[in-house]
Amino acid sequence: GGFEDLNAAPVVPAAFPQWAETMDNWGSLMLGAVTTCAEMTAVGFSLPRDAFSRLMVGAPHLLAPTGSDLGKHNAVGTTLAGWHDDLNLLTIHYKSRYPGLHAWLRDGTKFAVKIPTGCLLVQAGQQLEYLTAGHVLAGMHEVVVTEATLAAAEKARAAKRPTWRISSTLFGHVASAATLEPLGHFGEREGARQAYPPVLAGEQVRRVL
């Protein structure tokens with residue numbers, strides 16, 4: 001209770017009769033994959049396997065595809081998604097038909113993200129940074145039109161395919177009523193609990209929004 005606005009029922013467009021079934025099926029697959037990644041992360045950090053995944057139960061996970069019309073936004077350097085990190089636990093998405101996603105390494109190096117066919121990309125969000133007391137940092141990224149983006153769009157146009165860049169993204173969250181605080185040995189790091197004091201995940205999301 002208390003975070004009903006963050007856990008509202010999904011909006012289903014009436015014009016698409018198969019919308020709910022299609023989105024629920026794809027979203028469930030994506031959520032299953034990112035939950036497995038959360039468990040693998042916990043094991044890798046010598047935490048109980050469900051240290052992160054148990055916090056995801058009943059959370060306001062968000063399947064939120066974004067689209068950009070490359071027929072309209074077609075100048076090199078055009079920003080389609082400005083430089084940012086994600087406020088949730090883990091973000092997962094399949095590769096777009098059009099390149100343009102860039103990310104930053106911990107040392108500040110920027111690079112173009114290339115996702116192999118058949119693979120999914122997982123990015124850490126602010127909630128994972130919180131739970132690990134900054135051992136994992138929320139990944140900074142942006143989407144910008146490049147020469148490669150336009151080349152892919154031109155190829156699609158020649159094949160009479162849509163030139164919309166769609167990012168199929170699911171944002172995996174911690175449940176709104178669950179507490180964000182450094183877990184296990186991460187909480188024993190010097191200054192960890194001062195830098196990351198306990199806060200309800202729903203309150204953290206509201207602060208960012």
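# A sheet, a helix and two pockets

In this predicted model, a good place to begin is the pair of strands β4 and β10, which run antiparallel and are joined by 4 bridges. One residue pair lets the reader find this pairing in the structure: L90 has G172, in β10, as its bridge partner. Strand β10 also pairs with β1, again in the antiparallel sense, over 2 bridges, and here L62 has F171 of β10 as its bridge partner. On the other hand, β4 pairs with β7 in the antiparallel sense over 5 bridges, and T91 finds its bridge partner, Q123, in β7.

These pairings can now be put together. They belong to an open sheet of 4 strands, in the order β1-β10-β4-β7, with antiparallel pairing. Because β1 and β7 each have a single partner strand, they stand at the edges, and one side of each is left without a neighbour in the sheet.

How are the two faces of β10 placed, covered or uncovered? Both of them are covered, since T169 and F171 on one side are buried, as are L170 and G172 on the other. Buried is used here for a residue with under 20% relative accessible area.

The helix α1, which covers residues 19-44, comes into the picture at this point. Its buried residues are G27, M30, V34, A38, E39 and A42, and the buried residues of α1 pack against β1, β4, β7 and β10, the strands that make up the open sheet described above. The length of the helix can be checked by a short piece of reasoning: with 26 residues, and at 1.5 Å a residue, α1 should span 38 Å, and its end C-alpha atoms are 37 Å apart, so the two values agree. After α1 comes S46, a residue whose phi is positive, near 60°.

Which elements give two or more residues to the lining of the largest pocket? To reach that point, it helps to look at the pocket itself, which has a volume of about 930 Å³ and is lined by 33 residues, with P10, P60, H61, L62 and L63 lying nearest its centre. The elements that give two or more residues to this lining are α1, β1, β10 and α5, the last of which covers residues 201-208. The largest share, 7 residues, comes from α1. Taken by residue class, the lining of the largest pocket divides into 22 nonpolar, 8 polar and 3 charged residues.

The second largest pocket, with a volume of about 530 Å³, has 29 lining residues, and those nearest its centre are H93, L101, V143, R165 and S167. Two or more residues of its lining come from each of β2, β3, β4, β8, β9 and β10, so named by their order from the N terminus. Its lining residues divide into 11 nonpolar, 12 polar and 6 charged.

Two of the residues nearest the centre of this second pocket, R165 and S167, lead the reader to strand β9. This strand has a covered face, formed by R165 and S167, and an uncovered one, formed by W164 and I166. Strand β9 is joined to β2 by 4 bridges, and the two run antiparallel; within this pairing, T66 stands opposite S167 in β9.

Terms used:
Residues numbered from 1 in each chain as written. Predicted model: local features only at pLDDT ≥ 70, side-chain atom pairs only at ≥ 80, totals over all residues. Heavy atoms only, no water. 1 Å grid on protein atoms, 1.4 Å probe; cavity = no way out; pocket = protein on both sides within 12 Å on 5 of 7 lines; lining within 4 Å. Points joined across faces, edges and corners; volume = space filled by probe spheres on them. Nonpolar A, V, L, I, M, F, W, Y, C, P; charged D, E, K, R; others polar. Buried < 20%, exposed > 50% of the residue type's maximum accessible area, 1.4 Å probe, protein only. Pairing = 2+ DSSP bridges. Expected span 1.5 Å × (residues − 1). Contact = heavy atoms within 4.5 Å.
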